[in-house]
Amino acid sequence: MEPSSESRDARPAVTLVAALLPAGGSGERLGGATPKQFCAVQGRPLVSYTVRAMERISWISDIIVVVSPENVETMKSIIEKYNHKRVMVVKGGITRHRSIFNGLKVFAENEFSNYLLQKPEVVIIHDAVRPFVEEDILSKVVMAAKEHGAAGAIRPLVSTVIASAADGCLDHSLERARYRASEMPQAFLFDIIYEAYQQCTDYDLDYGTECLHLALKYCKTNARLVEGTADLWKVTYKRDLYAAESIIKDNLSRQVCVITNVKEAVAQVGFLLHESLKNQIKVEAISVSLSKNDSPLQNIFSGQCYNFVCVNDKKYAIQETQPLVDMLEKSNIPLSYPVVLISVHLDTSENISFSIGMEELTRIKKFAREVKKKNILVYGLLIQYK
């Protein structure tokens with residue numbers, strides 16, 4: 001989906017921003033043969049949701065996904081299947097820090113790509129298994145990084161942290177109110193974080209986990225800490241996959257795409273629908289010809305929208321509804337979740353025959369019975385519009 005006006009307003013005052021997503025984990029704590037970033041949630045790999053979250057933000061110029069060497073082709077196939085844009089896949093190292101360093105090198109060295117990407121002013125580092133990141137927190141850490149050199153999201157500690165002695169007994173505990181959990185996203189001036197990684201010891205690269213600490217240790221950069229939201233959690237265990245699926249289902253039920261053709265009266269109804277619904281759910285409104293393979297619709301399908309309102313003024317509403325159903329089938333979206341399609345037949349004629357209207361609704365009803373077998377739920381609505 002195209003960025004909303006709200007998205008454009010959140011653009012930080014930075015010339016160039018890139019995003020780096022470490023996705024090289026083995027998923028050992030998840031328990032299973034498939035690394036968690038490639039586990040399917042609603043029929044779609046988890047990493048694809050995170051890429052999509054970054055991709056929808058227009059001011060992010062490039063997205064680097066760092067994966068283990070054996071998963072490079074898997075990641076490339078995901079990018080192709082879900083039509084991701086502005087994404088480069090990079091081979092990771094044997095540890096998290098080594099993978100991040102490899103990702104940064106695509107902006108400064110030719111070792112990991114055939115060409116250099118334009119060096120960003122600020123680079124965002126965000127875990128590929130944190131799919132629910134919003135533009136607001138990304139904008140905040142980017143702007144803080146531009147001012148302070150580094151910034152990262154934090155959250156209050158849920159549990160008290162304790163240290164154990166050598167004999168396994170309690171040694172001491174930390175005062176929970178004074179400490180915070182370091183979360184993602186984090187953002188850095190590129191020159192600072194790249195210099196920090198260049199100066200890292202092998203011990204840092206092999207055993208370290210905190211990027212903010214590297215900026216402090218090697219570049220004397222005190223990161224700005226930004227209070228994050230509760231949805232920044234990381235998918236780590238199997239139960240987290242179920243929680244992620246529940247959140248995604250809830251999000252899907254709260255968004256709808258209103259599709260109209262380019263005729264003025266039809267487009268006006270689409271606009272009125274958008275205005276009446278936008279304060280309750282997320283609404284995307286587009287005017288296209290369904291007889292063509294329109295890229296705006298393909299972008300919406302890649303974003304996995306499951307609710308559609310198709311407004312048309314054709315004599316037979318199915319003439320406009322059928323192409324959309326065909327496109328939905330080809331997208332494979334209905335395979336993982338039921339699609340709701342409301343076909344609104346707009347009658348703008350001076351005289352309308354009630355029997356003709358009922359005849360069309362009966363035709364839609366029959367059509368709906370057929371496509372229901374394909375997990376597409378079609379409803380018909382007849383509106384007289386003067």
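Q: Which strand do four bridges join to S11, and how do the two run?
A: Happy to start there. Strands of a sheet pair through backbone hydrogen bonds, either parallel or antiparallel. In this predicted model, strand S7 (residues 150–156) is joined to S11 by four bridges, and the two run parallel. For one concrete contact point, look at alanine 151, whose bridge partner in S11 is arginine 224.

Q: What is the strand order of the open sheet?
A: Read across the seven strands, the order is S5-S4-S1-S6-S10-S7-S11, and the pairing is mixed. Strand S5 (87–91) and strand S11 (224–227) are the edges, each pairing on one side only. From one strand to the next, the twist averages 25 degrees.

Q: Which strands do helix H6 and helix H8 touch?
A: Take the helices in turn. Helix H6 (residues 190–199) packs on the sheet against strand S6 (122–125) and strand S10 (180–189), with its direction at about 110 degrees to that of S10. Helix H8 (residues 211–219) also packs on the sheet, where it touches S6, S7, S10 and S11; its direction makes about 60 degrees with that of S10.

Q: How many aromatic pairs does a search of the whole structure find?
A: A pair of aromatic rings is described by the distance of the centres and the angle of the planes. Here the search finds six aromatic pairs. One is formed by phenylalanine 190 and tyrosine 194: the rings are stacked, 5.5 Å centre to centre with 15 degrees between the planes. Both residues belong to helix H6 and sit four residues apart, about one turn of the helix.

Q: Are phenylalanine 190 and tyrosine 194 buried or exposed?
A: Both are buried. Ring pairs also link Phe190 and Tyr194 with Phe101, Phe107 and Tyr197 into a cluster.

Q: Why is the pair of tyrosine 203 and tyrosine 207 called tilted?
A: Their ring centres are 4.8 Å apart and their planes stand at 40 degrees, so the pair counts as tilted. Tyrosine 203 and tyrosine 207 are four residues apart in helix H7 (residues 202–207), and therefore about one helical turn separates them. Both of these tyrosines are exposed.

Q: Which residues lie over the face of tyrosine 49 and of phenylalanine 101?
A: Arginine 44 lies over the face of tyrosine 49, at 5.6 Å from the ring centre. For phenylalanine 101, the residue is lysine 105, at 4.3 Å from the ring centre.

Q: How many helices and strands does the protein chain have?
A: The chain has 13 helices and 16 strands. Of its 386 residues, 48% count as buried.

Key
Residues numbered from 1 in each chain as written. Predicted model: local features only at pLDDT ≥ 70, side-chain atom pairs only at ≥ 80, totals over all residues. Heavy atoms only, no water. Buried < 20%, exposed > 50% of the residue type's maximum accessible area, 1.4 Å probe, protein only. Pairing = 2+ DSSP bridges. Axes fitted to C-alpha atoms, helices over the stretch in contact; angles between N-to-C directions. Contact = heavy atoms within 4.5 Å. Phe/Tyr/Trp six-rings, centres within 6.5 Å; stacked < 30°, edge-to-face > 60°. Lys NZ or Arg CZ within 6 Å of the ring centre and 35° of its normal.
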